[in-house]
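Please open the model in a viewer and keep the selection panel at hand. The tour below proceeds by selection, from the whole chain to individual contacts.

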Amino acid sequence: ITRAGATSADAIRTLFSTAMSEMYRTEVPAYQTLVELVEEVNAAVLAADPVERHRLEAAGGLARITEERHGAIRLGTANELSTMRRLFAVMGMYPVGYYDLSEAGVPVHSTAFRPVDGEALSRNPFRVFTSLLRLDLIADADLRREAEQVLAGRNIFTPGCLALIEKAETEGGLDEEDADRFVAEALETFRWHSRANVPLDLYNRLHDAHRLIADVVSFKGPHINHLTPRTLDIDAVQRMMPEKGIAPKAVVEGPPTRRCPILLRQTSFKALSEPVDFRDGDGGGWRSGVHTARFGEIEQRGIALTPKGRALYDTLLQDSRRLVAPAADGSNAGQYMAALREVFAPFPDSWDEIRRDGLGYFTYSLTEAGRSNPPAPGTDLETSIGRGLVRFDPVVYEDFLPVSAAGIFQSNLGDDAQQDFTASPNQQRFEADLGAPVLNPFDLYAEIERTSIAACVAAK
Ligand code: OOG
Ligand code: NI
C-alpha cells in the first residue's frame with residue numbers, strides 16, 4: 001500500500017544504509033581502512049576472473065559490490081525493540097529468524113530486520129542484526145534493578161523520528177522530503193555518544209556482570225557497533241588485515257572455503273578501545289575512561305540451505321569444533337581451518353549434487369532455448385532441465401548463523417570475557433517484546449523457489 005508520490009521503502013533503505021556508511025567511516029577510521037582493503041581485494045578478484053566479473057555485472061552492476069550488507073545494534077527494552085520494528089518497517093525491513101545467544105555465553109536474543117521479497121533484496125539487501133539484552137539472565141537482583149531504571153529513563157528515538165514513523169504508518173509511506181528527514185532523524189538513534197549515561201562506578205559494576213550489559217545500559221542510544229561490506233575473497237582480506245594495521249579476529253566464522261559457497265562466511269577486526277566520559281557522582285562533572293564495543297566486519301554469502309542441508313551443516317560444524325575448538329588468540333587458527341575443511345568434505349560441492357540431494361534452494365528460469373521453445377504445459381521440471389529449456393541458480397542466504405554470531409560477539413568482548421549462561425531460548429518472550437512474530441527464513445526461501453518454478457511452468 002504505497003501512496004502515489006511516496007518514496008519507495010527500498011529507496012529509503014538505500015538512503016539509510018548510505019548515510020550509516022558515511023557516518024560510521026567518519027566515526028571509526030579503522031573501519032574506513034577495512035573498506036579500502038575490501039575494495040582493493042574485490043578489484044583484484046574481478047581483474048583476475050573476467051567470468052565472475054561478467055556474471056556480477058549482469059546480476060546488477062559492479063559499482064555496488066563493496067557496499068555494506070549489514071550492521072548490528074543491541075537494545076535494552078521491549079519498548080525500544082517494538083519501536084525499532086516500526087522504524088525498520090518504514091524501510092521495508094522485517095524481522096526474520098530468532099537467534100538465542102545465551103547458549104554461547106552472551107545474554108541477548110536477536111532477530112535480523114531485512115527485506116524479504118526477491119526484488120527488494122536485489123535492490124538493496126541491507127539488514128540489521130538486532131539484539132535485545134536479557135536482564136533476566138543477570139543473577140544480581142540489585143544490579144538488574146539499577147540497569148532497568150537507567151534503561152527506563154532513556155529515550156533512544158528523536159521526537160521527529162517517532163512522528164515520521166507514525167506518518168508513514170498512517171499515510172502508507174513518506175514523500176521525498178519526509179524520507180530525507182526520516183533518515184536524518186533515524187541516524188541520531190545509531191550515532192556514537194562519547195559521554196556515558198551513567199557514573200563510572202555503575203559502568204564498572206555492569207561491566208563486571210557482562211561487558212555487553214555495560215554496552216547496552218551505559219549510553220544514550222544503541223550505537224551501531226559494526227557495519228559489514230561484502231568481499232569477494234574473505235580469506236584474502238583476513239590474511240591482509242594485519243598489513244593494514246588492523247587486528248583480525250582469530251578465524252573466519254562459518255563453512256570452509258569451497259567451490260560452491262554455502263550460507264555465510266564472516267570475520268571482523270577486534271573491537272577498539274575508545275575514550276568515553278563518565279558522570280562523576282552527582283556533581284555534574286565528568287571522568288574519563290574507555291569503552292570497547294565498535295568494530296568492522298566483512299561477509300561473503302553462498303547458497304541458502306534447506307532444513308536438510310542446514311542440519312548437515314550444523315552436524316559437520318559441531319564435529320569439526322569437537323576436533324579443534326578455535327582459540328581466541330588465534331594460536332590454532334591453521335589447525336582449526338584444516339579440521340573444518342576435512343570434516344566438511346562430505347558436504348557435496350557441486351550445484352548439481354546440492355540440488356539433487358535437496359540441500360539448497362534454487363531459482364528456476366527459462367533458458368534462451370526455453371524462451372523460444374517453451375516446455376509444453378505439464379512438462380516435468382526435471383525433463384525441461386534435461387532438455388536445456390530451464391536453468392537453475394542458487395538462492396543467496398540472506399540470514400545469519402548463531403554459532404558465527406556468537407563467535408563475532410565473543411571476539412569483540414575481549415578474550416577473557418567467556419562466561420556461561422544456561423541455554424534458555426525464549427522466542428515467545430522475544431516476539432511479545434517485539435510486538436510481532438518473526439518470519440521463518442526457510443518459508444521465505446521456499447517461497448522464492450516456488451514462485452520461480454511457477455513462472456517457468458506458466459510461461460507460454
Ligand atoms: C552482533 C554480532 C552478530 C553477525 O554478523 O553475526 C553479527 C553484535 O555484536 O551486536 O553481527
Ligand atoms: Ni555482523
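For the helix packing angles on this tour, axes are lines fitted to C-alpha atoms, for helices over the stretch in contact, and the angles run from 0 to 180 degrees between N-to-C directions. The model is predicted.

**The whole chain**

Begin with the entire protein chain, displayed as a cartoon. It contains 19 helices and 12 strands. Along its principal axes, the C-alpha trace spans about 80 × 60 × 40 Å. How does the radius of gyration compare with that of a compact globule? For 460 residues, a compact globule would have a value near 23 Å, and the protein chain, with 23 Å, agrees with this.

**The sheet of five strands**

Next, select the open sheet whose 5 strands follow the order 3-4-5-2-8; its pairing is mixed. At its edges are strand 3 (94–100) and strand 8 (226–229), each of which pairs on one side only. From one strand to the next, the twist averages 20°.

Within this sheet, select residues 108–114 (strand 4) and residues 127–133 (strand 5). The two strands run antiparallel and are joined by 6 bridges. To locate one of the pairings, label S110: its bridge partner in strand 5 is S131.

Now add the helices that lie on this sheet. Helix 18, residues 427–434, packs on the sheet and touches strand 3, strand 4 and strand 5. The direction of helix 18 makes about 55° with that of strand 4. Helix 1 lies across strand 2 (68–75) and strand 8, and runs at about 115° to strand 8.

**Helix 1 and helix 2**

Keep helix 1 (residues 9–27) selected and add helix 2 (residues 29–48). Their axes come within 5 Å and cross at roughly 115°. Which residues make the contact? Show the side chains of Y24, R25, T26 and E27 on helix 1, together with P29, Y31, Q32 and V35 on helix 2. Coloured by class, the contact of helix 1 with helix 2 comprises 4 nonpolar, 2 polar and 2 charged residues.

**The sheet of three strands**

Hide that region and turn to the open sheet in which 3 strands follow the order 7-9-10, again with the pairing described as mixed. Strand 7 and strand 10 are the edge strands, each pairing on one side only. Neighbouring strands of this sheet are turned by 40° against each other on average, direction ignored.

Select strand 7 (residues 195–199) with strand 9 (residues 264–280). These strands run parallel and are joined by 2 bridges. Label R195, which stands opposite D277 in strand 9.

Then add strand 10 (residues 285–301). Strand 9 and strand 10 run antiparallel, with 15 bridges between them. One place to inspect is S268, whose bridge partner in strand 10 is E297. Follow the chain into the hairpin of strand 9 and strand 10, where 4 residues lie between the strands. There, G281 takes a positive phi near 60°.

**Helix 9 and helix 6**

With the three strands still displayed, select helix 9 (residues 200–209). Helix 9 lies across strand 7, strand 9 and strand 10, and runs at about 85° to strand 7.

Add helix 6 (residues 141–152), which packs against helix 9 at an angle of about 120°, the axes being 11 Å apart. Helix 6 and helix 9 are therefore oblique to each other, since angles of 65 to 115 degrees would count as roughly perpendicular and those over 145 as roughly antiparallel. Helix 6 passes helix 9 in a left-handed crossing. Show the side chains at the contact: L143, E146, A147 and V150 in helix 6 meet L202, R205, L206 and A209 in helix 9. By class, these residues divide into 6 nonpolar, no polar and 2 charged.

**Helix 12 and helix 13**

For the last stop, select helix 12 (residues 307–323) and helix 13 (residues 333–343). Are these helices parallel or oblique to each other? They pack at an angle of about 140°, with axes 9 Å apart, and are therefore oblique. The crossing of helix 12 and helix 13 is right-handed. On helix 12, display L316, L317, D319, S320, R321 and L323; they meet Y336, A339, L340 and V343 of helix 13. The contact of helix 12 with helix 13 has 7 nonpolar, 1 polar and 2 charged residues.

Key. Residues are numbered from 1 along each chain as its sequence is written. Chains are lettered from A and ligands numbered from 1 in the order in which they are written. This is a predicted model: local features need pLDDT of at least 70, side-chain atom pairs count only at pLDDT 80 or more; totals for chains, interfaces and linings use all residues. Side-chain values use heavy atoms; hydrogens and water are left out. Contact means heavy atoms within 4.5 Å. Ala, Val, Leu, Ile, Met, Phe, Trp, Tyr, Cys and Pro count as nonpolar, Asp, Glu, Lys and Arg as charged, and the others, Gly among them, as polar. Angles under 35 degrees count as roughly parallel, over 145 as roughly antiparallel, 65 to 115 as roughly perpendicular and the rest as oblique. A crossing is left-handed if the near helix is turned anticlockwise from the far one by less than a right angle, and right-handed if clockwise. Two strands pair if DSSP finds at least two bridges between them. The radius of gyration is taken over C-alpha atoms; the globule rule is 2.2 Å times the number of residues to the power 0.38.
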